[in-house]
Amino acid sequence: MSSTEHGGAAGPALRPVTVLGAGIVGICTALSLLDRGIAVRLIDRGAPGQETSFGNAGVISPWSVVPQSVPGLWKQIPGLMIGADRALSIRPRALPAMLPWGLRFLSNGRSAKVRHVSDAMEILCGPSVELYRRHLRGTGEDDLVRDAFYIHAFRDAAAARLDSLGYRLRREKGAEIERVDRAELQRLEPALSRDFEAALVIRGQARALSPGRIGKVLADKVRTLGGEIVRAPIRTLTRADRAWRIDCDGQSFTADTVVLALGAWSPSLLCPLGVRPPLMAERGYHVEFPAPGVEVIHSVMDVSRKIVASSMRDGLRVAGQAEFAPVDAPPDRSKQRRLADLARAMFPDLQDEAPRGWMGRRPSFPDSLPAIGELPGLEGLVWNFGHSHYGLMMAPKSGEIVADLLTKRLANADISALSPARFH
C-alpha cells in the first residue's frame, strides 16, 4: 500500500528505525513505518505477538472510550477484592509501588478528567477495525477479524442502564447501543445462562478469532515487506554518541531512532536512563475450552463478574481478573480455576474438559492511556507502551501516530494527552 493512501507523501527520508518489542503494538508500528518507506528492525526475546496480546479477550471496539478509573470507583474496590467472584487482587510485593500508583489512578476518576481521557481513547480506538482490516489485506487471513456486537450482560435488570456514565460517553461519541430483555438476549446468545435478565448491546464492532494468530500473520507481513525480526533478549539500552545502542545476548545493534514498545518490560530499559514511568504490570488471565460444546456468537461480558467470553478458532475463551504483582511473579493458578468456575456459571451447557490457562501482563498507567512520543533529553527514543486493557484495540492507531511523528506529518487530532511528558 502506498503512503498516498494515508493522505500525502511520506515526508523527509528517515534512516532505519529499530522497534523494541514485537507484541501487537510493536508489530503494528513496524507495519506503519514500512508503509511509509522506512526500514524497520523488530527485536524481542519471544515469538512475535505471542506475549500479552496473545491472551486478549478478542474485543475490537471503536467504542472502548471509558477509562478504568471513573467517579465512585473507590466505593467498589472492597467488593472487587472480597468474595468468591473477586476480580481484583494485589500481591504484597507490589504494594510499595501500588499505593502511590493507586492514588494517582483514583485521582483520574474525576468527571472532567474522565472525559479528557475518553477523548484520547476515541482517537486510538475509533479506527481499530478499519486499520486491522487494512493490515490484514493481502495476507489471505482477513477473516481473523469478524463483525460482532459487544454484549454487556446483567444479572440484575435494574443495573442495565443506558444513562450510566460509561454508556453515555459511548453514545455521545456515536455508538449505537440498545437495551434488550432476557428473551432477546437469549435469541442473540442461546448458550448464555438465563440468570442474565437484560443486556446492553453495543453495535458496530468486531472480534478477533485468534489474537495470537493475528500477531503471527502480521509479523509475517512485516518480513514480506522487508522488515527484519530478531529474536533476542534485550539487556540494555544506552546512548552511543547521537545514536542508541541496544545490547542483546551475544550481539549489539545501533540505531538513530528507537521505538520502545516492550509493554510492561519497558521501564527496565528506562530506569537506567534516569526515567521511572508510573507503570504497573496489571496481570490478566484467561481460560480456553478447546471443545466447549457451545458457541458464543458475539463477545459477551458478564458485567458483575468482570469477565468476557468469546468463541475463537481454538475454543471458547473466558478472560478477566486484574492482579497487581511484580512483572516476574509466577501466575496464580487459583485465578484460572476461578475463571473456569465463572465460565460454567455463564454457560450451563459448557463442556469443560481440559481447559487451558494463561496469564499476561497489561502495562497500565494510572490514566488508562499509553505514552506515545519523546521526552526532552532523550531524543530519538520514542515511547509507545502502556496500553493497559486496550492494547489490541489501540495498537494500529498507536503505530500510525508513531509513524506520523517520525515522518513529521501533522496530526489531525490533539494527541497531547498521550505525551510521556505528562508524568514529568
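**Gly-55**

I looked up the burial of Gly-55 in this predicted model. Its relative accessibility is 6%, so I entered Gly-55 as buried, the cut-off being under 20%. I placed Gly-55 in the loop between β2 (40–44) and β3 (59–60). Leaving out residues up to four places away in sequence, I noted that Gly-55 touches His-286, Arg-317 and Trp-358. I also checked Gly-55 against Leu-144: the two are 89 residues apart in sequence, and their C-alpha atoms are 15 Å apart in space.

**Charges over rings**

One of the residues that Gly-55 touches, Arg-317, came up again when I turned to rings. Arg-317 lies over the face of Phe-54, 5.7 Å from the ring centre. I found another such case at Trp-265, where the charged end of Arg-45 sits over the ring at 5.0 Å from its centre.

**Aromatic pairs**

I then went through the aromatic rings. A pair of rings is described by the distance of the centres and the angle of the planes. I counted six aromatic pairs, with ring centres within 6.5 Å as the rule. For Trp-101 and Phe-105 I have centres 5.2 Å apart and planes at 10°, so I entered the pair as stacked, the limit for that being under 30 degrees. Both residues belong to helix α3 (residues 95–107), where they are four residues apart, about one turn of the helix. I checked their burial, and Trp-101 and Phe-105 are both buried.

Trp-101 also forms an aromatic pair with Phe-324; here the centres are 5.2 Å apart and the angle between the planes is 50°, which I logged as tilted. This pair links distant parts of the chain, with Trp-101 in helix α3 and Phe-324 in strand β16 (residues 315–324), 223 residues apart. I have Phe-324 down as buried, like Trp-101.

Elsewhere I noted one aromatic cluster, formed by Phe-365, Trp-383, Phe-385 and Phe-423.

**Helices α4 and α6**

Last, I looked at how helix α4 (residues 111–125) packs with helix α6 (residues 165–172): the angle is about 45° and the axes are 11 Å apart. That angle makes α4 oblique to α6, as it is not under 35 degrees, the limit for roughly parallel, and not within 65 to 115, the range for roughly perpendicular. I recorded the crossing of α4 past α6 as right-handed. On the α4 side, the contacts I listed are Val-114, Arg-115 and Ser-118. They meet Leu-165, Arg-168, Leu-169 and Glu-172 in α6.

Conventions. Residues numbered from 1 in each chain as written. Predicted model: local features only at pLDDT ≥ 70, side-chain atom pairs only at ≥ 80, totals over all residues. Heavy atoms only, no water. Phe/Tyr/Trp six-rings, centres within 6.5 Å; stacked < 30°, edge-to-face > 60°. Helix = DSSP H or I, 4+ residues; strand = E, 2+ residues; numbered from the N terminus. Buried < 20%, exposed > 50% of the residue type's maximum accessible area, 1.4 Å probe, protein only. Lys NZ or Arg CZ within 6 Å of the ring centre and 35° of its normal. Axes fitted to C-alpha atoms, helices over the stretch in contact; angles between N-to-C directions. Parallel < 35°, antiparallel > 145°, perpendicular 65-115°, else oblique. Left-handed = near helix turned anticlockwise from the far one by under 90°. Contact = heavy atoms within 4.5 Å.
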